Amino acid sequence: QDHKRLLDGDHEELAQLLLVGMHAAKLEAASQAQRFRAVLDRVNDAVFTVDLQGRFQDVNLPLCELTGRTAQELLGQSFFDIVCPDWAAEAMEILAAVYKTGQTRSAELCLRSGEGRKSFVDLSATRIDDDQDHAIGIQSVARDVTERKQAEEALRQSDAKTRALLAAIPDMMFRVRRDGTFLEFIPAPDLAPYVSPNEFLGKKIVDVLPPEVARKCMRAIRQ
């Protein structure tokens, strides 16, 4: 009888220990999840996961800021709803390739915010598999490259404008280094050089022009 009471007491104590252990494990898991979420929200890049239908399952703060939407607004919404229409086919092709091959794919995409603002991102997508290697979703990292794209476009427009201005000038133009080396030749619409540019580009003025003319040119360059 006493032995039975002792076993009963052991069972009760063991059950209490298991409950305490399970509660502690849940608290630890929750704490780890919170720490992971804090780290995820502090990174500069947008990080998100979608299911096999392309619906958001998890998003971090940078994606919310990039799209002008809250996490609650994004979760359950289709990833393709934030892709610019002209880029939707490419986005679908990338995710389909990741799902089919299991290989990480990268691409540049255009995303749109709730206010219609466009952002360009470098996207890297990786398939998520379960324990049986069955695809269950896709995780992506998107880096905002909008400022770089704007700078490239501004430079392209500036270069095109400069070329147009140069083309409108009626005279031949030469770009030379301070030591007199010919670097570039811009022809005039109605004038042709006496010799082919291949015969003087990369060479120095003193090696190409008559001595007196070369001295005058070099004097002007130094001034």
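This short talk walks through one predicted model, taking its disulfide, its hairpins, its aromatic pairs and its pockets in turn.

Let me begin with the cysteines, and with a general reminder that a disulfide is a covalent bond between the sulfur atoms of two cysteines. In this model the count comes to 1 disulfide, and the two residues that form it are cysteine 84 and cysteine 110, whose sulfur atoms are 2.4 Å apart. The link connects distant parts of the chain, since cysteine 84 sits in the loop between helix H3 (71–74) and helix H4 (88–101), while cysteine 110 belongs to strand E3 (residues 105–112), and the two are 26 residues apart. If you look along the S-S bond of cysteine 84 and cysteine 110, the angle is -45°, and the link is left-handed.

Are these two cysteines buried or exposed? Cysteine 84 has a relative accessible area of 3%, and because that is under 20% it counts as buried; cysteine 110, at 1%, is buried as well. Two further cysteines can be placed on the same scale: cysteine 64 is buried at 10%, whereas cysteine 217 is partly exposed at 28%.

Now to the strands, where I would like you to find two hairpins. In the hairpin of strands E1 (residues 46–50) and E2 (residues 56–59), the strands run antiparallel and are joined by 3 bridges, and valine 50 stands opposite phenylalanine 56 in E2. There are 5 residues between these strands, and glycine 54 takes a positive phi near 85°. The other hairpin is made by E6 and E7, which pair in the antiparallel sense over 4 bridges, with phenylalanine 182 in E7 as the bridge partner of valine 176. Here too 5 residues lie between the strands, and glycine 180 in the turn has a positive phi of about 90°.

Both of those positive values belong to glycines, and in general most residues other than glycine have a negative phi. Which residue other than glycine has a positive phi near 60°? That residue is aspartate 133, which lies in the loop between strand E4 (118–129) and strand E5 (135–144). Aspartate 133 has a relative accessible area of 58%, and because that is over 50% it counts as exposed.

Let us turn to the aromatic rings, bearing in mind that a pair of rings is described by the distance of the centres and the angle of the planes. The count comes to 10 aromatic pairs, and one of them joins tryptophan 87 and phenylalanine 120, edge-to-face, with 5.9 Å from centre to centre and 75° between the planes. This pair links distant parts of the chain, for tryptophan 87 is in the loop between H3 and H4 and phenylalanine 120 is in strand E4, 33 residues apart. Another edge-to-face pair is formed by phenylalanine 185 and phenylalanine 200, at 5.8 Å between centres and 90° between planes. Phenylalanine 185 lies in strand E7 (residues 182–186) and phenylalanine 200 in the loop between E7 and H6, so this pair ties together parts that are 15 residues apart in sequence.

How accessible are these residues? Tryptophan 87 is partly exposed at 23%, while phenylalanine 185 is buried at 14%, and phenylalanine 200 is buried at 4%. Ring pairs also link Phe48, Phe56, Phe79 and Phe80 into a cluster.

That brings me to the pockets. The largest pocket has a volume of about 290 Å³, and among its 13 lining residues, Phe174, Phe182, Phe200, Val208 and Leu209 lie nearest its centre. Strand E6 (173–176) and helix H6 (205–208) are the elements that give two or more residues to this lining. As for character, the lining of the largest pocket consists of 13 nonpolar residues, with no polar and no charged ones.

The second largest pocket has a volume of about 160 Å³, and its lining residues include Val50, Asp51, Gly54, Phe80 and Tyr99. Helix H4 gives the most to this lining, with 4 residues. The lining of the second largest pocket divides into 8 nonpolar, 2 polar and 1 charged.

To close, I suggest returning to two residues that appeared twice: phenylalanine 200, which pairs with phenylalanine 185 and lies among the residues nearest the centre of the largest pocket, and glycine 54, which has a positive phi in the hairpin of E1 and E2 and helps line the second largest pocket.

Note on methods:
Residues numbered from 1 in each chain as written. Predicted model: local features only at pLDDT ≥ 70, side-chain atom pairs only at ≥ 80, totals over all residues. Heavy atoms only, no water. Disulfide = S-S within 2.5 Å. Buried < 20%, exposed > 50% of the residue type's maximum accessible area, 1.4 Å probe, protein only. 1 Å grid on protein atoms, 1.4 Å probe; cavity = no way out; pocket = protein on both sides within 12 Å on 5 of 7 lines; lining within 4 Å. Points joined across faces, edges and corners; volume = space filled by probe spheres on them. Nonpolar A, V, L, I, M, F, W, Y, C, P; charged D, E, K, R; others polar. Pairing = 2+ DSSP bridges. Phe/Tyr/Trp six-rings, centres within 6.5 Å; stacked < 30°, edge-to-face > 60°.
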